[in-house]
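Q: Could we go through this structure together? I would like to begin with how the copies are superposed.

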2 protein chains.
Amino acid sequence: MGRWEPDAQGRMIRAALELFAERGFEETTAGDIAARAGVTERTFFRHFTDKREVLFDGSATLQGATYDAIVAAPAGSSPLDAALAGVVAAGGLLEDRRDHAVRRSKIIAANPSLQERELLKLAAMTETAAEALHERGVGEPAATLAAHSAVTVFHVAFAQWIAADDGAAFATHVAESAEALRALS
Amino acid sequence: MGRWEPDAQGRMIRAALELFAERGFEETTAGDIAARAGVTERTFFRHFTDKREVLFDGSATLQGATYDAIVAAPAGSSPLDAALAGVVAAGGLLEDRRDHAVRRSKIIAANPSLQERELLKLAAMTETAAEALHERGVGEPAATLAAHSAVTVFHVAFAQWIAADDGAAFATHVAESAEALRALS
DNA sequence: CATCTAATGTCAGAGACTGTCATCACCTAG
DNA sequence: CTAGGTGATGACAGTCTCTGACATTAGATG
């Protein structure tokens, strides 16, 4: 258990979210976050590789869920359908924390350097999805293209899910965006 | 005309490319680049908003070419075809500087923080493409999805164009990737 | 009680950027 | 030909991000 106050990482994440919302990302120093969490700046950088990373703690979990769902998709699924099953699973993890996602999303939207980091995480998600498709026996370039398409759908569906306030499930937005994508060709 | 030695910006870009190739991005300081270019560090940051930006000078040009080509695409083109015409135009600008593109690409591939910046530029390209499609009367979400798809094709085609050494035109790689993308649905 | 270990604290320092003011090189008006 | 005017650069101080090295602490273990 915690030898000092428990859950230092969680405290820092919450402190960062508060401070970024109050004053903005650039106006908040790493030392500010650490102080509010009751630790030193040095401890902050032991838990997070850089100041931005404090907002992207759960991305590894999303990636893992995506990978598992793609591998576990029904045997007859097309590459695109399997990849879409992956992003639906990722969306499911966000479902019960929508207000947190909204707050976080606003902060990111207000800062280009945070958008960069988000794009990097989405790129990692794309690579993971492509690997999962390889696991299913999908070759190149189909795997990479299907992964890109699915993550694009995730991206668009996420934006709609955040913007809409109608309580529609994430999976519904995914289905709609996927339908629109197929209609392009 | 130049009051001091002319083309300070060009000198810094070339110096940066050399130094990043010689020692790596992180091992090169902004002061190193400035010194090789014959200016001070302060002057470097007057020309480039940050150290990474020195590698992304031409991206605005690519964006402009993409926008223009999409708007100028044949009247009957589908949204996806128009968007693809845009990325083919962007690729055309790279065509006669392939070795430069290869060197730059290697440096970016070796550094995550540069990949972030590249993803941000591709995202900007996506937004530009979507705007150009709006100009053609394409609505949402079709415009955004077609833009994403086209930029994905650009991304994949670029990687193949860099990797392949067979002198195939950029447009050929775009056509192949686009064909594979359509085959998904 | 002695020891070991994981997490934290303390301190010093390099490097990325920014603000401010002086300076310089060329251009133009008179 | 000389007196500004202008835009780019130099000089310098300072903040913030991030890292390395070493000491300290609280709890687990024997």
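A: Copies are superposed by least squares on the C-alpha atoms of residues with pLDDT of at least 70 in both. On that basis, a turn of 180° and a shift of 0.0 Å along the axis lay chain A on chain B with an RMSD of 0.0 Å. The two copies are thus related as by a two-fold rotation axis. In chain A, the C-alpha nearest that axis belongs to Glu116(A), at 2.7 Å.

Q: What should I know about the model and its numbering?

A: This is a predicted model, in which local features need pLDDT of at least 70 and side-chain atom pairs count only at pLDDT 80 or more, while totals for chains, interfaces and linings use all residues. Residues are numbered from 1 along each chain as its sequence is written, and chains are lettered from A and ligands numbered from 1 in the order in which they are written.

Q: How many residues of chain A are in contact with chain B?

A: 24 residues of chain A are in contact with 23 residues of chain B, where contact requires C-beta atoms, placed from the backbone, within 7 Å. Helices H5 (79–94), H7 (112–135), H8 (142–163) and H9 (170–182) of chain A each supply at least two residues of the side that touches chain B. H8(A) gives the most, with eight residues. Helices here are DSSP runs of H or I with at least four residues, numbered from the N terminus.

Q: And which classes of residue make up that side of chain A?

A: It divides into 14 nonpolar, seven polar and three charged residues. Ala, Val, Leu, Ile, Met, Phe, Trp, Tyr, Cys and Pro count as nonpolar, Asp, Glu, Lys and Arg as charged, and the others, Gly among them, as polar. 96% of the interface residues of chain A are also interface residues in chain B, so the copies meet through the same surface.

Q: Turning to the DNA, which residues come nearest to strand C?

A: Ala8(A), Arg42(A), Thr43(A), Asp50(B) and Lys51(B) come nearest, of the 18 residues around DNA strand C; a residue is near a strand if its C-beta atom, placed from the backbone, lies within 6 Å of it. Two or more residues of this surface come from each of H3 (41–47) of chain A and H2 (30–37) and H3 (41–47) of chain B. H3(A) gives the most, three residues.

Q: What about strand D?

A: There are 17 residues around DNA strand D, and Thr29(A), Asp50(A), Lys51(A), Ala8(B) and Thr43(B) come nearest. The largest share of that surface, three residues, comes from H3(B). By class, the surface near strand D has five nonpolar, five polar and seven charged residues.

Q: Which residues of H2(A) are buried?

A: Ile33(A), Ala34(A) and Ala37(A) are the buried ones, buried meaning that 20 or more other C-beta atoms lie within 10 Å of the residue's own, against 12 or fewer for exposed and in between for partly exposed, with C-beta atoms placed from the backbone. Seen down the axis of H2(A), the directions from the helix axis to the C-beta atoms of these residues fall within an arc of 95°, so they line one face of the helix. They pack against H1 (8–23) and H3 of chain A. Just after H2(A), Gly38(A) takes a positive phi of about 80°.

Q: Is Ala168(B) buried or exposed?

A: Ala168(B) counts as exposed, because it has 12 C-beta neighbours inside 10 Å. Ala168(B) is in the loop between H8 (142–163) and H9 (170–182) of chain B.

Methods:
Two residues are in contact if their C-beta atoms, placed from the backbone, lie within 7 Å.
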